[in-house]
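Work through the exercises below with the model open. Try each task before reading its solution.

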Amino acid sequence: MLLDRRAALAALLLLVASPPSGWAQTRPDLPANDLSGEWQGTWTSPSGYLFTTTLMLQVAADGAVSGAFVWTLRRSPLPEEQRKIGMAATEYVSGRFDAAAGTLVVAGTRKDDPHDVIFTDRYRLVVADSGRAMGGLSRNLGDWDGQLFLTR
């Protein structure tokens with residue numbers, strides 16, 4: 001099921017990035033500032049990690065993005081990390097929002113993480129037409145198999 005979900009998400013990202021010729025774009029551009037504010041979500045990896053997150057996002061009219069994820073570790077596959085369950089860390093991100101494509105691309109620039117719970121990552125997200133949900137992939141140490149889903 002996880003593989004099916006990843007395959008479907010990958011196909012969605014490809015379609016949004018470059019729709020087949022002849023497909024009309026029916027979604028109007030989302031105003032950039034409509035994405036600003038608080039988002040809640042989860043991040044998972046095939047190896048068994050689960051984080052919950054709150055993202056505070058600021059999106060400028062020109063599409064410049066800045067924000068901060070507050071990540072809380074909920075599940076780890078590693079025995080030595082079980083003591084970290086419930087610990088939180090902050091990852092600061094910046095990037096771009098493309099209103100025409102409905103995509104958000106951000107990368108971690110630094111972190112506040114006294115317990116070494118997270119690493120900085122890169123994210124490629126597709127925004128729902130409603131502007132109330134987004135999801136996509138994270139680089140996850142090079143494999144692009146981390147899955148992030150956010151809602152308001």
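Helices (H or I, at least four residues) and strands (E, at least two) are DSSP runs, numbered from the N terminus. This is a predicted model, in which local features need pLDDT of at least 70 and side-chain atom pairs count only at pLDDT 80 or more, while totals for chains, interfaces and linings use all residues. Residues are numbered from 1 along each chain as its sequence is written, and side-chain values use heavy atoms, without hydrogens and water.

**Exercise 1.** Work out the secondary structure of the chain and its order.

Solution. Start with the elements: one helix and eight strands. Then read along the sequence: the pattern is α-β-β-β-β-β-β-β-β.

**Exercise 2.** Judge the confidence of the chain.

Solution. pLDDT is the predictor's confidence in each residue, from 0 to 100. Its mean over the chain is 87, and 79% of the residues reach 70 or more. Next, check residues 13-20: here the pLDDT is below 50. Beyond near neighbours in sequence, this stretch has eight contacts (heavy atoms within 4.5 Å) in the model. Where pLDDT is low, the predicted coordinates should not be read in detail.

**Exercise 3.** Is Phe-97 buried or exposed? Place Phe-97 in the chain as well.

Solution. First, locate Phe-97: it lies in strand E4, residues 88-98. Second, apply the cut-offs: buried means under 20% relative accessible area, exposed over 50%, partly exposed in between (1.4 Å probe, protein chains only). Phe-97 has a relative accessible area of 5%, so it is buried. Third, go to Ala-64: its C-alpha is 6.5 Å from that of Phe-97, across 33 residues of sequence. Finally, take the whole chain: 38% of its 152 residues are buried.
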